Every structure is written in C-alpha cells, then in structure tokens.
Amino acid sequence: MTTHPSQTELVVVPGRGRKGRRAQDSAPRRPGLLQFGHWWWALPGILLVIGIHYVATVFGGAFAFTNWSGIGSFEWIGFDNFAKIFRDPSKLLALWNTLFLAFGSVILVNIVGLGLALGLNRGLKSRYTLRVLFFMPVVLSPLAVSYIWKFIFDFNGPLNTFLHGIGLGDLAKAWTGDPVFAIWTILIVIVWQQTGFAMVIYMAGLAGVPIEIEEAAAIDGANLWQRFWHVTLPAIRPAVAISTTLGLVNGLRVFDQILALTGTGPAGATATLATEVYKQAFTLGNFGYGASLAVVLTAIILVFAIIQQRVTNPRSED
C-alpha cells in the first residue's frame, strides 16, 4: 500500500515527494478550455468586426460599379462612375478641398500642438490648468463648436465687430459666404478643435525624453534649437507618427464642420469628397455614384496613411 506525502512532509522533508513530482511534471497536460490567453476568446469580437465593418465595406464598395439608386434593381456599369468623377469639375474641386483641409490641418495642428506641449512641459505653476483649457475643445461636439464659430464669422458677428472697432472695417465680410475665404474658416475651426489632442500626444512623448540627454547637449554647447532638432524631435518620433496619422485621417474625412459652417457652399466651394458621398447617396439617390466617391476617398486615405507611416517610421533610417 503506497502512501502519498502530505503537504507538511513535502515542505519539512525535501526528499519526500520528488519522485512523484517528477512523474507529474513529465506527464502531458491537457490545456483547459478556459485557459487564459486562448485566441478564440477574441473570436466573437473578430466576427463582429469582420461582419459589420469589412464585409459591409466590401458590399458597399461593390455598388460603386453599379447604377443603383438605393431602391430596386441595378445594372453593372463597370468603371463608368469613376470616369464620371474625374470628368466632373465639381468633384475635382471637392478632391482639392479634401486634400487642402487634410494637409493644412495636419501641418498647423502638429506645429501648434507641439509648441504648446513644449511650453507646458516646463515647470509652470499654471500648466495643469492650461492643459485642461487647451484640451477642452477636443471633447466638445464638432457640430456645437462649428455653430459657435459660425456665429463668430457671421457678418454681424464678433469678428467683424472687432475689425470695425480697430478701424479695419474694410476687411469685414461674410466669411462663410465668401467663395475664397469660406474654406479657410473651416480650416480654422478644425485646427482650433484638434490642436489639444495633438498636444496631449506630444506631451506623452516628451515625458519619455531623458532630461540627462538634453543637459549633456547643453553642456556641449548646443543651443535651444539644436537641442530640439537633434535630441528632442528624434526621441518623440513615434508621437509624431501617431499624431500625424490620426490628423491626416481625420482631415481627409471631415464632414460635420462643413455642413454646420457652410453647408458645402457657397456654390459648392467648400464641398469635399465626404460631403459629396452624403449628397449623392442620401440626398440625390445616386447610391452607386456615392459609393464610387467613397471608394476614391478610402483609397486616398489608405495611400497617404501608408506613405506617412513610411516617412515617420523610426526604422526607415536604419
């Protein structure tokens, strides 16, 4: 009759139980179904993402090659919708406005956001209050922010009142109704609302920059600009990549601010590919044409996102 050692004997008498423990260790173990880390735990979420996002996107993109109106039957027309896009001057203007808002907002948001992050990364007593104030526009509704700015840009609004007050009344105009300046008002609103988000990303990157490296560069005689360009900026390159990628994607698909400020006017001067997708598919009932515009916009986002990642990837220098 064999007896198994108790838990006390295993601790007090080290020799007892080793043989049995070796036998247990050598025996194959069957992984339990509820073992932590199994890939199939994520299977419900994966199926939902594939079904709702990717499958729906593929089906929606397939309609870009049809003349479907959203109701009833349709015919396959090949690339006629895409040829129509690049023959239409209004759609080419929408494409130009899309690129202008995307790259304009990315450049300005990241420059201003990085400047704020560098300034608030120092030992200012009011830095926490200033961080909250600069970040607050990010959490506000884009529609609410746009309507506030629409009041500011109104012909009888605060901006023109201020210009009249300082003797520059000749510059006053209906800013959102001017074909030249309307697109700039949208850019100003986008930059004002998204700068705080870029600031937070850069502050997180600056928190990981060792202060000893900057001090060593200063001792070696590097001035403020040289320390920033050769020490700080290379260290926060991952933050630059994240901020510019998110800013580029958001700029390419800007929608709420345009509808609230200008309604794509005057005379379509502020229309973008995103607003044209909505107009063609849901207002005019040209669902196939709207789907083709959405495919073009998606392709542009993918291409520029890949290029941007290649440019800002730290490994590209290796």
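Is threonine 232 buried or exposed? I started with this residue. Threonine 232 sits in helix α11, residues 224-235. I found it buried, with a relative accessible area of 5%. Setting aside residues up to four places away in sequence, I listed what threonine 232 touches: Leu118, Leu206, Glu214 and Arg227.

**Entry: the model as a whole**

I note that this is a predicted model. I looked up the secondary structure of the protein chain and got 15 helices and 0 strands. The chain has 318 residues, and 33% of them count as buried. The exposed area of the chain is about 20,000 Å², of which carbon and sulfur atoms supply 68%. I also looked at contacts between residues at least 6 apart in sequence: 67% of these join residues at least 24 apart.

**Entry: confidence**

The mean pLDDT of the chain is 85, and 86% of the residues reach 70 or more. Helix α9 has the highest confidence, at a mean of 95, while helix α1, residues 7-12, has the lowest, at 47. Over residues 7-13 pLDDT stays under 50, and the model has 5 contacts beyond four places in sequence for this stretch. Where pLDDT is low, predicted coordinates should not be read in detail. I left that stretch alone.

**Entry: the cores**

I looked for nonpolar cores next. The largest has 31 residues, and Leu101, Ala117, Trp149, Ile186, Val189, Tyr202 and Ile236 have the most contacts inside it. Two or more residues each come from α5 (89-120), α7 (142-152), α9 (182-206), α12 (237-252) and α13 (256-261). Helix α9 gives the largest share, 12 residues.

I took isoleucine 186 from this core for a check of its surroundings. Leaving out neighbours within four places in sequence, isoleucine 186 is in contact with Leu101, Gln257, Ile258, Leu261, Thr262 and Thr270.

There is a second, separate core of 18 residues, which includes Val106, Ala291, Leu293 and Ile300. In soluble globular proteins, nonpolar side chains tend to be buried together.

**Entry: alanine 291**

I followed alanine 291 out of the second core. It is found in helix α15, residues 287-312. Alanine 291 counts as buried because its relative accessibility is 10%, under the 20% cut-off. Apart from neighbours within four places in sequence, alanine 291 is in contact with Gly60, Phe63 and Ala64. I also took the C-alpha to C-alpha distance from alanine 291 to tyrosine 278: 9.5 Å in space, for 13 residues in sequence.

**Entry: salt bridges**

How many salt bridges does the structure hold? I found 2. One joins the side chains of aspartate 88 and lysine 91, at 3.2 Å, N to O. The other joins the side chains of glutamate 276 and lysine 91, at 3.4 Å, N to O. This second pair links distant parts of the chain, with glutamate 276 in helix α14 (residues 273-283) and lysine 91 in helix α5, 185 residues apart. Asp88, Lys91 and Glu276 are thus listed as linked in a network of salt bridges.

I then looked up the burial of the three residues. Lysine 91 is buried, with a relative accessible area of 6%. Glutamate 276 is buried as well. Aspartate 88 counts as partly exposed because its relative accessibility is 21%, and buried means under 20%.

**Entry: a nonpolar surface patch**

On the surface I noted a nonpolar patch of about 1,100 Å², made by Trp39, Trp40, Trp41, Leu43, Ile46, Leu47, Val49, Ile50, Tyr54, Val55 and Phe59. I picked tryptophan 40 for a closer look. Tryptophan 40 is found in the loop between α2 (18-26) and α3 (43-62). It is partly exposed, with a relative accessible area of 34%.

**Entry: the loop between α13 and α14**

Which residues does a cis peptide bond join? They are glycine 265 and proline 266, with omega at about -5°. Proline 266 lies in the loop between α13 and α14.

I checked phi in this loop too. Threonine 264, which lies in the loop between α13 and α14, has a positive phi of about 70° although it is not a glycine. Alanine 267 lies in the loop between α13 and α14, and although it is not a glycine, its phi is positive, at about 55°. Alanine 267 counts as exposed, at 88% relative accessibility.

Terms used: Residues numbered from 1 in each chain as written. Predicted model: local features only at pLDDT ≥ 70, side-chain atom pairs only at ≥ 80, totals over all residues. Heavy atoms only, no water. Core = buried A, V, L, I, M, F, W, Y, C linked by side-chain atoms within 4.5 Å. Buried < 20%, exposed > 50% of the residue type's maximum accessible area, 1.4 Å probe, protein only. Helix = DSSP H or I, 4+ residues; strand = E, 2+ residues; numbered from the N terminus. Contact = heavy atoms within 4.5 Å. Salt bridge = Lys/Arg side-chain N within 4 Å of Asp/Glu carboxyl O. Patch = residues over 30% accessible without salt bridge, like charges linked within 9 Å, V, L, I, M, F, W, Y side chains within 5 Å. Areas by Shrake-Rupley, 256 points an atom, 1.4 Å probe, with all protein chains shown as cover. pLDDT = per-residue confidence, 0-100.
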